[in-house]
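Trainee: Hi, do you have a minute to walk me through this one? I'd like to know how its parts fit together.

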Amino acid sequence: MNFAMSLAVAAMAISLIASILSPLLGRYVHFQRLTISLLVALSGAFALTAGLIGLMASESEATIILPIGLPWLPMHLHLDVLSAFFMLTLGALLLPVGIYSAGYMKEAVEKNGSIQHLGIFLPLFTLGMQGVVLANDAYAFMVFWELMSISSYFLVSYEHDREENRRAGFLYLLMAHLAGLLILGAFAVLYAAGGAFTFDVMRSADLSSGMATFAFLLAAFGFGMKAGVVPLHVWLPDAHPVAPSNASALMSGIMLKVAIFGFMRITWDLIGLNNFSWWWGALVLAAGSSSALVGVLMALQQNDLKRLLAYSSSENVGIILIGLGLAMIFANLGHPVIAALAMIASLYHTINHALFKGLLFMGAGAVLHATGSRNMEKMGGLIHRMPITSALFLVGCMSISGLPPFNGFVSEWLTFQSALLTPPMENTMLSALIPFSASMLALAGALAAVCFVKAFGIVFQGRARSEMAEQAHEVDNWMKVGMVIPAIFCLLLGVFPTLFIPLIDGVPQMLIHSSLSASVHVTNWLWLTPVNAERASLSAPLMVLGMLLLIALIYWRLHGRGKGISRGPIWSCGYPHLSAQMQYTATGFSQPLRRIFSGVYRPEERKVIRYGFHPLIVKDIRYKVTVADLAYNKIYIPIANITRAITARVAYEHERGMHAYLTYIFVTILALLLWVVMA
Amino acid sequence: MNWFMFMLLSPLIGGIILAFVRHKKWASTINISFSGLTFVGSLGLALKVLEQGSYEALEGLFFLDSYNVIIVTLTAFVALTTAIFSGPYMRFEWRHRKLPERRLRLYHTMYQLFIFGMLLGFTTNNIGVMWIALELATLATVLLVSLYRTPGSIAAAWKYFMLAGMGIALAFFGTILIFFTSSSVLGHGNEALTWTLLFKHATELEPSVMMMAFAFLMVGYGTKIGLVPMHAWLPDAHAEGPTPVSAVLSGLLLNLALYILVRFKMLVDMATGTDKAGHIMIAFGILSLLVAALSLHNQRDIKRMFSFSSIEHMGLITVAFGIGTPLAIFAGLIHMTVHSLVKSGIFFTVGHAAQAMGSQNMDQIRGLIRHHPGIGWGLLIGTAAIAGFPPFGVFTSEFLLFSATLNSYPWLIFLLLTGLLIAFVGLFRFVQPMVFAEPPDHAVIIKANMLPVYIHFGLALFLGLYIPKFLADWYQQAATLISAASGGGV
Amino acid sequence: MTDAVIVWLLNLAQVALMVFTAPLITGIVRKLKARLQNRRGSSVLQPYRDLMKLFSKEVLLAENASWIFRSAPYIIFTATVLAVSVVPVILVNLPSSLIADVIAMAALLALARFWLALAGMDIGTGFGGMGASREMTFSAMAEPAMLMSVFVISLGAHSTNLSTMVEYALHLQHLLPSVAFALIAFLMVAVVENGRIPIDNPSTHLEVTMIHEAMILEYSGRHLALIEWASQIKLVLFITLISSLFFPWGMAESVAILPIISALTFWFGKIVFIIILLVIMETLLAKIRIFEVPDYLLTAYVLAFLGMLVHYILEVGV
Amino acid sequence: MMLESMLQETISVAAALMLLISFALLAQHRMLAVLHWFAAQGIVLALTTFLVAVLSDQKELYISAILTLLLKGALLPWLLWRIIRRMHVHREVETTVNLPVSMLIALGIVILSFYVAIPIERMSHNVTHNTLAIATATVFIGMLMMITRQKAITQVVGFLSIENALFFTAIGATQGMPMIVELGVAFDVLIAAIIFGLFFTHMRTTFESLDLNVIQEKIKR
């Protein structure tokens with residue numbers, strides 16, 4: 001056990017302690033709140049450090065065996081480069097969210113007088129995620145995985161007074177359970193091949209191609225469900241909004257990543273590169289593209305801020321999967337270097353998304369905290385009352401929209417690069433699919449920008465649309481600090497990718513046995529050249545420098561002799577009373593896209609016009625438009641209906657009275673006897 | 001002092017004494033003490049087995065091996081905790097005029113007799129006595145189910161009686177068939193019914209008769225296990241009887257029938273040298289799993305719903321034994337243990353919940369967590385445990401079962417997964433509204449005795465995280481023993 | 001060492017050239033258009049005068065304008081200038097094109113657009129929101145088509161570096177079919193990106209149809225000047241991109257006086273040519289209905305994608 | 001050897017009688033006649049036991065014979081008769097499937113039972129396989145009776161006739177189970193009978209009927 005491993009285990013121990021401590025501190029609520037939050041943050045810090053050290057000293061893998069578990073299978077924990085990277089991701093968000101929680105949970109204390117529920121399950125949730133990442137046998141993996149699922153279920157159903165929240169929780173747990181069962185199935189296949197549950201054995205097991213495919217499909221669907229891949233995503237937009245914001249930040253920011261981790265662990269590590277079939281990558285790529293596009297399209301139509309963010313998580317998981325899919329295709333076709341690039345792109349986006357989605361959810365939490373609502377139509381003008389929050393939220397918006405100089409841009413850039421490096425391939429379908437996916441990525445990225453202009457513009461800009469928004473207030477320092485940390489990371493990762501990429505280079509080294517450093521001469525920290533400078537290069541620091549210089553120049557030139565600024569009323573086209581209700585609404589903002597993609601959305605529009613005494617005199621017009629999730633309506637509802645019909649039939653069989661029951665037994669024994677005699 | 005006698009006599013004597021005790025408080029104390037004595041007896045036996053492996057007594061009439069020692073201890077333990085639970089519970093029922101004093105006495109007596117029947121069935125070496133013991137336990141529970149004498153409970157008890165009677169008759173026919181073939185090998189006396197001897201000479205038994213016997217035994221004991229389509233008695237019996245009875249029915253009685261069936265399966269496997277018997281069990285198990293899972297959805301009564309969950313789990317265990325590899329049997333044994341613990345714990349909780357809300361109708365039960373956090377969390381944790389969420393032991397066994405299934409019958413895994421998922425949905429869609437939200441106005445504050453519940457769940461949790469060495473050894477030995485019968489250990 | 005300094009200086013000069021000729025080119029467009037419409041039109045230098053006037057004017061801000069509204073013009077202008085600075089105009093091997101490749105250039109333009117849209121939303125008027133919504137929507141729809149058409153060339157050039165791409169285009173023996181597809185697609189996209197007829201009319205303030213202008217209604221003084229200037233630069237940027245990527249003839253491959261001068265002339269000639277095309281098109285066509293724009297963009301995308309397929313199937317060979 | 005063949009003879013005759021009585025039970029219209037035939041079945045059972053005891057010289061079987069006669073030939077039929085008298089049960093037997101059809105099904109069952117018993121023929125050194133087939137058939141016919149009868153009382157008779165058939169199997173096919181089992185089973189049957197009586201009273205008071213369909217309807221409401 002080396003230092004990194006001990007840190008990682010310590011992180012888990014701290015989470016566990018926090019969860020056990022929570023009920024003991026129930027009497028001193030504020031002390032409890034601070035303790036839990038800061039312990040979570042501390043656990044995050046440990047995880048972050050463990051990840052960093054693990055990545056830097058990639059040679060020294062470490063394993064420890066916990067004396068719990070099955071009699072012949074104690075739990076194995078293990079820190080390799082892959083888990084170190086995900087530990088880093090976990091820690092990078094846990095730390096700020098922990099700090100943020102210290103402020104955020106104040107409200108819960110005031111409302112309920114207790115945070116027992118959160119105090120127990122938030123650290124447990126953390127523990128589950130850390131455990132999954134460190135697990136080195138199928139049993140430990142599943143235990144921590146389900147711990148993560150069920151504790152997050154309790155977080156989702158935290159405000160269980162409301163029917164919709166309970167429904168969301170139920171749907172979430174249902175899907176999580178299904179996902180868990182599928183993953184269990186995948187492990188069972190690997191076990192059947194290898195004969196043991198430890199990953200070491202599974203890794204070296206000989207898989208037939210049928211079994212490998214079976215395991216891959218089970219894992220793909222299981223983890224895809226958890227990661228929110230369209231069309232397996234339906235739990236996600238319901239579950240994330242109703243959880244407390246610190247929990248939804250973690251769920252969206254890192255729980256989805258843990259699913260990505262699991263997928264990588266099973267496909268790349270356990271099944272292994274040698275057993276890939278060519279179409280696996282294509283499947284992942286297609287799933288990624290569809291998630292990216294549908295996710296952002298659905299996000300655009302949401303007026304609930306957290307729901308919007310939830311759908312956008314689906315989109316970003318799609319982007320991550322595009323990278324992974326590309327990596328799988330290239331690795332399978334024998335282009336390890338490009339595969340390594342694609343994998344780095346996807347990993348980069350993984351940590352990026354953790355950071356900015358965490359930031360955005362925390363921002364949404366701050367808004368919720370300040371206004372008491374998630375409905376964007378009731379907000380507006382918060383930038384004047386919550387300047388810090390709005391600035392930080394803007395950073396998140398720009399990052400997620402893939403705009404320089406923030407981190408989202410770098411990872412999307414890398415993904416594009418890997419798609420463009422596609423070598424000539426014999427498979428024409430793949431040749432067409434890859435550029436198509438790239439263009440879908442472009443579309444999704446651009447639509448994300450639309451989406452977040454809407455989110456920021458409607459929530460923070462303009463004028464207040466309601467009383468609540470008018471009386472909003474800035475959040476406290478805990479929450480501010482919680483949001484500042486990921487914002488800084490966003491900027492750093494956006495400006496200095498060259499420092500970060502060598503750090504995560506070990507992951508493709510481990511999984512593809514190829515890395516970027518083998519082919520790239522990293523000249524210095526200034527230039528990011530994935531393959532060589534001839535093909536593509538990017539210097540984010542220089543870009544930022546250029547921008548700063550230019551802005552300074554213009555500012556200096558204009559302000560040196562510029563005229564003053566005066567304020568005046570809003571120009572209203574001559575109309576005297578411009579009320580806040582006349583602003584563009586969130587619904588209105590997304591109307592063009594609703595119209596363009598009406599085939600995807602199938603919006604239900606209802607217009608009610610009330611007339612006066614004459615049809616020309618209109619009293620009022622009500623217009624209502626709802627955009628439902630198509631996957632939910634067209635796939636899930638029919639399945640539910642079929643199940644319901646079957647269950648009704650079965651229930652009827654149980655109400656037929658004694659004679660029928662006796663007949664069942666009678667017929668059974670006769671049939672069984674006949675079978676026994678004949679067979 | 002012979003531990004067997006000690007363990008078997010204490011419930012018998014207890015039952016007789018309790019028939020005459022009128023004082024309510026004392027009656028429950030005596031009930032608990034005799035159950036405690038029984039448990040001590042079972043522990044003594046377990047220690048003995050730890051010392052010397054398998055163990056026979058009274059001229060081979062009773063015996064313990066690694067297979068039944070686990071279940072005997074478990075039975076005695078659950079019987080004890082149920083007795084502890086039933087004290088305040090039954091007093092509440094009596095105070096709310098659901099039961100006259102006379103019937104409280106009947107309850108205690110029958111409870112002890114039931115335990116006697118159970119332990120007799122588990123420890124006897126004679127397949128005829130096994131049958132008698134099961135019949136005895138059945139008759140005792142018939143009286144217990146009809147304890148309230150409401151129309152529903154009488155109808156349920158009648159149904160239980162008739163269906164179980166039909167089943168048990170078939171089982172007896174199967175036993176006769178076995179005697180028919182074994183008497184030509186082992187002579188005409190008790191030896192031909194002694195399981196250990198039968199097992200020793202199993203290969204000499206006539207395969208075709210054994211197979212036919214197994215068909216009868218399967219349907220017969222299957223009725224008592226609650227396997228579909230012979231299960232119709234089970235939901236009503238659980239729903240209408242007093243809660244402690246539901247707990248022991250689900251937690252113990254079903255185990256006994258399954259235990260006996262598996263004993264016979266071992267014989268049949270040895271005799272026929274095929275795994276036909278295993279296939280039959282798998283078929284019944286899967287059918288039970290699926291039908292019970294689907295049945296969970298259209299329920300109103302909370303105890304009825306959980307009884308369907310018992311059918312589902314019995315189906316699962318049956319599948320495990322049917323597969324018959326050491327791993328599968330290992331999984332089946334753990335599942336049996338943990339299911340008993342968790343399911344009886346759930347029934348305890350449900351009983352209190354029903355008392356607090358004044359109804360067993362699930363539409364009437366709301367907001368348990370707000371109303372009584374102990375009960376609410378108990379129900380939630382119990383449901384999570386029974387649905388197979390780690391780190392509870394149910395998960396462990398399901399995990400192992402999947403692996404075993406995949407080794408032998410890969411295609412089965414789809415059916416298993418589907419069944420478990422449907423069951424989970426059915427269970428949770430009812431449990432969630434019950435524990436969450438606001439409690440209704442008609443809820444009353446009760447003094448719930450949650451200690452047994454948390455002991456059970458705690459044990460299930462413990463088994464999920466860590467299986468002690470001696471226990472693991474027992475499971476392992478039992479698994480080897482049982483699987484060795486089927487075609488040399490697959 | 002000195003060579004490098006000279007190249008960098010040339011680079012700077014080129015950027016300055018683009019930035020400062022941008023108003024002129026807009027002036028030429030307007031003049032030509034007026035002539036075609038039988039008007040005299042204002043002088044080609046009028047845009048300079050407009051900018052000067054705006055720069056010297058006082059800024060009038062709405063009461064509730066936030067810091068975003070005030071900083072947006074600077075960021076928009078900067079991002080646009082930065083984007084233009086990586087496009088080879090005269091020199092093929094532009095050193096600054098290493099800083100950002102074509103994807104980064106698109107991202108810089110997206111950054112500008114993002115802030116423009118935010119600025120539109122900032123005051124909270126109907127127009128601003130409408131403009132922001134439409135601008136963002138249509139440019140999002142244009143994004144895949146634009147990247148796809150650029151990718152056709154970068155696939156051929158095996159690079160996204162603009163210099164390398166231009167070099168590749170320069171050495172092409174003949175116009176490849178895939179490049180032809182890409183060219184048409186890119187032309188179509190360029191029209192959308194710059195808000196020209198038939199998508200948007202830069203000179204109208206008609207509420208129902210305007211896109212770009214709706215967002216900047218509230219701007220005045222130097223802020224407005226910066227935004228106007230930025231959009232003029234953007235026009236030049238796109239025209240130059242078309243000329244450099246698809247018709248790179250005459251560009252200077254070495255740093256010497258003669259090639260540079262000839263390259264300059266070529267550049268100006270090509271630009272004027274494209275402008276004439278643009279003006280003719282703007283005069284002949286009417287603005288299309290706003291919800292026909294997606295169909296238009298889809299056509300562009302399909303063309304670009306066809307170009308991609310053609311590239312893979314016909315030109316790469318298996 | 002002489003005894004052996006006589007034993008076989010006796011058992012064969014008894015088996016035929018048992019089957020006959022089973023059919024007779026199934027064919028009755030009147031409640032009282034059902035009880036008569038049931039008593040007759042008990043007596044045949046007792047007689048068979050006695051003869052087997054004599055012929056195979058097993059002391060225990062004498063006890064068993066006496067027990068059977070008392071319990072199944074007398075006590076149980078009398079108990080049932082008393083219940084019918086006390087509770088004014090309708091005198092007609094009501095069925096869910098009409099009599100000719102149930103007779104046909106019973107015939108089918110007999111055929112099936114013989115088919116099922118074929119494998120046993122291979123091992124058996126004597127005629128027991130016939131006995132076994134008939135015993136199986138009687139068990140099934142008893143079940144059929146439980147299924148096709150409306151009233152709880154007739155169901156009980158069906159149930160008890162299954163018990164009789166089981167006893168007959170034990171005697172006929174294996175010359176009697178060990179004593180401990182015999183006694184245990186007899187004890188169980190006795191308790192069961194008492195419970196029956198108990199239930200009839202309760203059902204009568206709570207449902208005012210012993211008709212199972214009526215009861216089912218009443219619970220549903």
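**Chains and contacts**

Mentor: Sure! Of the 4 pairs of chains that touch, chains A and C have the most contacts between them. Keep in mind that this is a predicted model.

Trainee: How many residues does each of chain C and chain A put into the contact?

Mentor: Chain C contributes 68 residues and chain A contributes 69. On the side of chain C that touches chain A, at least two residues each come from strand S1 (59-62), helix H3 (67-84), helix H4 (102-122), helix H5 (126-157), helix H9 (221-246) and helix H11 (293-316).

Trainee: Which of those gives the most?

Mentor: That would be H5(C), with 17 residues on the side of chain C that touches chain A. Sorted by class, this side of chain C holds 41 nonpolar, 18 polar and 9 charged residues.

Trainee: And S1(C), which strand of chain A is it joined to?

Mentor: S1(C) is joined to strand S3 of chain A, residues 565-568, by 4 bridges, and the two strands run parallel. If you want a spot to look at, find A:Ile565, which stands opposite C:Val59 in S1(C).

Trainee: Nice. Switching to chain D, what is it built from?

Mentor: Chain D has 9 helices and 0 strands, so its elements read α-α-α-α-α-α-α-α-α from the N terminus on. The radius of gyration of chain D is 18 Å, close to the 17 Å that the globule rule gives for 221 residues, so chain D is as compact as a globular protein of that length.

Trainee: What are the spans of chain D along its principal axes?

Mentor: The C-alpha trace of chain D covers about 65 × 35 × 25 Å. Of the 221 residues in chain D, 51% are buried. Among contacts in chain D with a separation of 6 or more, 73% are between residues 24 or more positions apart.

Trainee: How many residues of chain D are in contact with chain B?

Mentor: There are 36 residues of chain D in contact with 32 residues of chain B. Helices H5 (118-123), H6 (128-148), H7 (152-174), H8 (179-207) and H9 (212-220) of chain D each supply at least two residues of that side. H8(D) gives the most, with 13 residues. The side of chain D that touches chain B has 25 nonpolar, 7 polar and 4 charged residues.

Trainee: Last one: how far apart are the nearest C-alpha atoms of chain C and chain D?

Mentor: They are 61 Å apart, and chain C and chain D do not touch. Chain B and chain C do not touch either, with their nearest C-alpha atoms 40 Å apart.

Methods: Residues numbered from 1 in each chain as written. Chains lettered and ligands numbered in written order. Predicted model: local features only at pLDDT ≥ 70, side-chain atom pairs only at ≥ 80, totals over all residues. Contact = placed C-beta atoms within 7 Å. Nonpolar A, V, L, I, M, F, W, Y, C, P; charged D, E, K, R; others polar. Pairing = 2+ DSSP bridges. Rg over C-alpha atoms; globule rule 2.2 N^0.38 Å. Buried ≥ 20, exposed ≤ 12 C-beta atoms within 10 Å, placed from the backbone.
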